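Visitor: Could you walk me through this model, beginning with charge and ending with a single residue?

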Amino acid sequence: MKGMEELNAASKNHHNKTFMESTPEERTAFLTELDKEAKEYQKNKKKEDPTHYFTMMKQLTLSGLFTSKIGATEVLRYVAVPGKYEGCVPYTKGEKAWATS
């Protein structure tokens, strides 16, 4: 929850609007900048420093997507009961990753 508050505060600082008041284009540009900021923070942070709030929000969002029905069936390839294990399968760039192994 604190990360969401920080996101809104940063958004207000950036263009005088909350995140949800911003246009989709403004949100995309803002999140791209925030992602760069988080990566830079990660490079320079001390071991005892906390993870950047945006990194945590991004990881939780991705985890939520890929463990949901839509993420597992529409974004990833899904096999409810997989067959035999094949450790080396041909991959063509741009193919969906597997939701199950």
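Visitor: How far apart do the centres of the positive and negative side chains of the protein chain lie?

Guide: This is a predicted model, in which local features need pLDDT of at least 70 and side-chain atom pairs count only at pLDDT 80 or more, while totals for chains, interfaces and linings use all residues. Residues are numbered from 1 along each chain as its sequence is written, and side-chain values use heavy atoms, with hydrogens and water left out. Lys and Arg count as positive and Asp and Glu as negative, with His and the chain ends not counted, and each charge is placed at NZ of Lys, CZ of Arg, CG of Asp or CD of Glu. The protein chain has 16 positive and 14 negative side chains, and the distance between the centres of the two sets is 5 Å.

Visitor: What is the radius of gyration of the protein chain?

Guide: The elements run α-α-α-α from the N terminus, helices being DSSP runs of H or I with at least four residues. The chain is more spread out than a compact globule, because the globule rule (2.2 Å times the number of residues to the power 0.38) gives 13 Å for 101 residues, whereas the radius of gyration, taken over C-alpha atoms, is well over that, at 18 Å.

Visitor: Is Ser 11 buried or exposed?

Guide: Ser 11 lies in helix 1, which covers residues 2–15. Its contacts (heavy atoms within 4.5 Å) beyond four places in sequence include Phe 19 and Phe 30. Buried means under 20% relative accessible area, exposed over 50% and partly exposed in between, with a 1.4 Å probe and protein chains only, so Ser 11, at 0%, is buried.

Definitions and conventions:
Helices (H or I, at least four residues) and strands (E, at least two) are DSSP runs, numbered from the N terminus.
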